[in-house]
Amino acid sequence: MTATIRDIAKAAGVSVATVSKVLNDYTTVSRATREKVLALVAEMQFRPNEAARSLVGRRSMTIGILLTAGLSNPFFVHLLGGIDEALKERGYDLIYLAQLSAHPEYNFVQHCRSRNVEGVLAFGFQLGELDADKLVASGIPTLFIDLNLKGKRAGYISSDNKEAIEGTVRYLYELGHRRIAYFAGLPGSYVGERRMAGYHAAMTAAGLSVRPDDIVAGDFTQEAGYRGMHRLLALSERPTAIICSSDKCAIGALQAAREAGVAVPDELSIVGFDDIDEARVVHPPLTTVRQDMPLLGRRAIELLDRLITEPDSPAPAVIVPTELIVRATTGPARDGG
């Protein structure tokens, strides 16, 4: 059997990307590694024509990542762990593609092409964002996280945001809660819209009315949760439970409730979304919807790799289940629900 580039990488104890760089005369590989790889190429009879086939015309083995949500976003920090693991398995390098949209001659798609990336991982885009649509139309293999865009060489992955909130409403209903408020996520975001749809669907299915005062507009930040809680606590009739669009938002709400002397969960139940590290260490520990963020990262790279290496494969549209993690911020509704 003819040796492949992966066989060479395994025998040399290096990544596929490193073998690719040696075969393409990159100067960033050490002399010792270069000599070792080239010796194995000769020993295993890795012929030039097979190398060309494996490298698909001098492959860069580089993926670009576009973030509009910021590197400090807790969701992305956990996501990156899974991304890094999958990149190593497949021999890809990762570069950060900074958006330079303030420049008058900036071309989003051309920027991606200029970095010679084989594919793009995109996170943080909003519904209807023009740059995202241009990326789909460009034909550059693209995998969106939390944005349901598809094209010939573009697809997406996301958690089951709608079902997650529906399940949370059902859980609170079973605890006796009848007035359940919702702190909405960022307007215009795919996950925000899906979670809001889940809230409305579950409230309707349970025969509960949605009062305008019980929906608090905002975003996914701790500040939004803090402000929203103060607004709800000022109502003459308060909700007995609150579902927040993120753990950060829920932590802000929990802080405001504590400052106001409202006992959680005896007087008010609070649920977050994500299951970031802080959810386990706040007091009381936060009941939340767990997204498997490392899994999302790993699967995103797997799907993007398929878009790169199998151009005729169907555009992926993957929805990953979530899990409700019950901790100490939820309990039975006070009298009257």
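**Close-ups of a sheet, its helices and some salt bridges**

**View 1. Helix 13 lies across five strands of the predicted model.** Spanning residues 293-309, helix 13 crosses strand 1, strand 3, strand 4, strand 5 and strand 11. Its direction runs at about 165° to strand 5. Keep in mind throughout that this is a predicted model.

**View 2. Six strands line up in an open sheet.** Reading across, the order is 2-1-3-4-5-11, and the pairing is parallel. At the edges sit strand 2 (93-96) and strand 11 (317-320), each of which pairs on one side only. On average, neighbouring strands here are turned by 20° against each other, direction ignored.

**View 3. Strand 4 and strand 5 run side by side in the parallel sense.** Four bridges pair residues 142-145 of strand 4 with residues 154-159 of strand 5. Look for Ile145, which stands opposite Ile157 in strand 5. Helix 7 (residues 130-138) packs on the sheet too, touching strand 1 (62-67), strand 3 (119-123), strand 4 and strand 5. The direction of helix 7 makes about 150° with that of strand 4.

**View 4. Asp305 and Arg90 meet in a salt bridge.** Their side chains come to 3.6 Å, N to O. Asp305 belongs to helix 13 and Arg90 to helix 5 (residues 74-90), so this pair ties together parts that are 215 residues apart in sequence. Are these two buried or exposed? Asp305 is buried, at 12% relative accessible area, and Arg90 counts as buried as well, at 18%.

**View 5. Lys248 pairs with Glu278.** The closest N and O atoms of this salt bridge are 2.7 Å apart. Because Lys248 is in helix 11 (residues 247-259) and Glu278 in helix 12 (residues 278-281), the contact links parts 30 residues apart in sequence. Lys248 counts as partly exposed, with 25% relative accessibility, and so does Glu278, with 30%.

**View 6. Glu323 and Arg290 form a salt bridge that belongs to a network.** Here the side chains meet at 3.9 Å, N to O. Glu323 lies in strand 12 (residues 323-325) and Arg290 in strand 10 (residues 287-290), so the pair ties together parts that are 33 residues apart in sequence. Glu323 is partly exposed at 44% relative accessibility, and Arg290 is partly exposed at 32%. Through shared partners, salt bridges join Asp275, Asp277, Arg280, Arg290, Glu323 and Arg327 into one network. For the wider picture, the structure holds 16 salt bridges.

Definitions and conventions. Residues numbered from 1 in each chain as written. Predicted model: local features only at pLDDT ≥ 70, side-chain atom pairs only at ≥ 80, totals over all residues. Heavy atoms only, no water. Pairing = 2+ DSSP bridges. Helix = DSSP H or I, 4+ residues; strand = E, 2+ residues; numbered from the N terminus. Axes fitted to C-alpha atoms, helices over the stretch in contact; angles between N-to-C directions. Contact = heavy atoms within 4.5 Å. Salt bridge = Lys/Arg side-chain N within 4 Å of Asp/Glu carboxyl O. Buried < 20%, exposed > 50% of the residue type's maximum accessible area, 1.4 Å probe, protein only.
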